[in-house]
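Please open the model in the viewer and keep the sequence panel visible. The tour proceeds by selection, each stop naming what to pick and what is found there.

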Amino acid sequence: MSTPEELAASYAAAWTERDEVKRRVLLESCCGRGVRFLQQGSEHEVVGVDALSATIGEFQAGWPDGVDVRVELTTPVESHHGFGRGGFVWIFGDDRGYGTDFVELGEDGKMKTIVVFGDPGPPPAAAS
């Protein structure tokens, strides 16, 4: 089984992987087949690796041309009793978008449910 840090790294890499086949491999390494993805502010529930990969592709299609886009963890990944959380930042050139992912792990040790919340700014420890 992967560590929480390895799951988070594969998941973050999937969000910036433009190649659909490579993105699916990354998602399959960290997400259960029936993964549920819930984004704050959206009533739409994404279910399954295929649907999550398609959602990521749609998100990438809205990225500005010629701008370096990446996602980085802003907090250590914490986990206990089959749940985890981690802070992240989306970097779009000079723009930043912060958030926190809460995750439920399945019996296979992969992410079963991912719930995403937007944050108003960086976590206090990263604000310096």
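**First stop: helices H1 and H3**

The model is a predicted one. Select H1 and H3 together: their axes come within 8 Å and cross at roughly 50°. An angle under 35 degrees would count as roughly parallel, and 65 to 115 as roughly perpendicular; H1 and H3 are therefore oblique to each other. Display the side chains where the two helices touch. On H1 these belong to Tyr-11, Ala-14, Trp-15 and Thr-16, and on H3 to Leu-52, Ile-56, Phe-59 and Gln-60. Coloured by character, the residues of this contact of H1 with H3 divide into six nonpolar, two polar and no charged.

**Second stop: helices H1 and H2**

Keep H1, which covers residues 4-16, and add H2, residues 20-30. The two helices pack at an angle of about 155°, with their axes 8 Å apart. That angle makes H1 roughly antiparallel to H2. Viewed as a crossing, H1 passes H2 in the left-handed sense.

Which residues of H1 meet H2? Select Leu-7, Ser-10, Tyr-11, Ala-13 and Ala-14 in H1; they meet Arg-23, Leu-26, Leu-27, Ser-29 and Cys-30 in H2. The residues of the contact of H1 with H2 comprise seven nonpolar, two polar and one charged.

**Third stop: Ala-14**

Centre the view on Ala-14, which lies in helix H1. Is Ala-14 buried or exposed? Its relative accessible area is 0%, so Ala-14 is buried. Beyond its neighbours within four places in sequence, Ala-14 is in contact with Arg-23, Leu-26, Leu-27, Ile-56 and Gln-60. Of these partners, Arg-23, Leu-26 and Leu-27 appear in the contact of H1 with H2, while Ile-56 and Gln-60 appear in the contact of H1 with H3. A distance label drawn between the C-alpha atoms of Ala-14 and Leu-26, 12 residues apart along the chain, should read 5.5 Å.

**Fourth stop: helices H2 and H3**

Hide H1 and select H2 with H3, the latter being residues 49-61. Their axes are 10 Å apart and the packing angle is about 130°. H2 and H3 are therefore oblique to each other. H2 passes H3 in a right-handed crossing.

The contact is made on the H2 side by Glu-20, Arg-23, Arg-24, Leu-27 and Glu-28. On the H3 side, select Val-49, Asp-50, Leu-52, Ser-53, Ile-56, Gly-57 and Gln-60. The residues of the contact of H2 with H3 divide into four nonpolar, three polar and five charged.

**Fifth stop: Asp-101 in strand S6**

Move next to strand S6, residues 95-105, and select Asp-101 within it. Asp-101 has a relative accessible area of 13%; buried means under 20%, so Asp-101 counts as buried. Show what surrounds it, leaving aside neighbours within four places in sequence: Asp-101 is in contact with Tyr-11, Gly-84, Arg-85, Gly-86, Phe-88, Ile-114, Val-115 and Val-116. Tyr-11 will be familiar from H1, where it is one of the residues that meet H3. For a distance label, choose the C-alpha atoms of Asp-101 and Thr-113, which are separated by 10.0 Å and lie 12 residues apart along the chain.

**Sixth stop: two loops**

Select Pro-76 in the loop between strand S3 (69-73) and strand S4 (78-80). With a relative accessible area of 65%, Pro-76 is exposed. Not counting residues up to four places away in sequence, Pro-76 touches Arg-85 and Gly-86. From Pro-76 to Gly-87, the C-alpha atoms are 7.6 Å apart in space, for 11 residues in sequence.

Then select His-81, found in the loop between S4 and strand S5 (83-92). His-81 has a positive phi of about 50° although it is not a glycine. At 75% relative accessibility, His-81 counts as exposed.

**Last stop: the whole chain**

Zoom out and colour by secondary structure. The chain comes to three helices and seven strands, running α-α-β-β-α-β-β-β-β-β from the N terminus on. Its C-alpha trace spans about 40 × 35 × 25 Å along the principal axes. The radius of gyration is 14 Å, which agrees with the value near 14 Å for a compact globule of 128 residues. Of the 128 residues, 34% count as buried.

Methods. Residues numbered from 1 in each chain as written. Predicted model: local features only at pLDDT ≥ 70, side-chain atom pairs only at ≥ 80, totals over all residues. Heavy atoms only, no water. Axes fitted to C-alpha atoms, helices over the stretch in contact; angles between N-to-C directions. Helix = DSSP H or I, 4+ residues; strand = E, 2+ residues; numbered from the N terminus. Parallel < 35°, antiparallel > 145°, perpendicular 65-115°, else oblique. Left-handed = near helix turned anticlockwise from the far one by under 90°. Contact = heavy atoms within 4.5 Å. Nonpolar A, V, L, I, M, F, W, Y, C, P; charged D, E, K, R; others polar. Rg over C-alpha atoms; globule rule 2.2 N^0.38 Å. Buried < 20%, exposed > 50% of the residue type's maximum accessible area, 1.4 Å probe, protein only.
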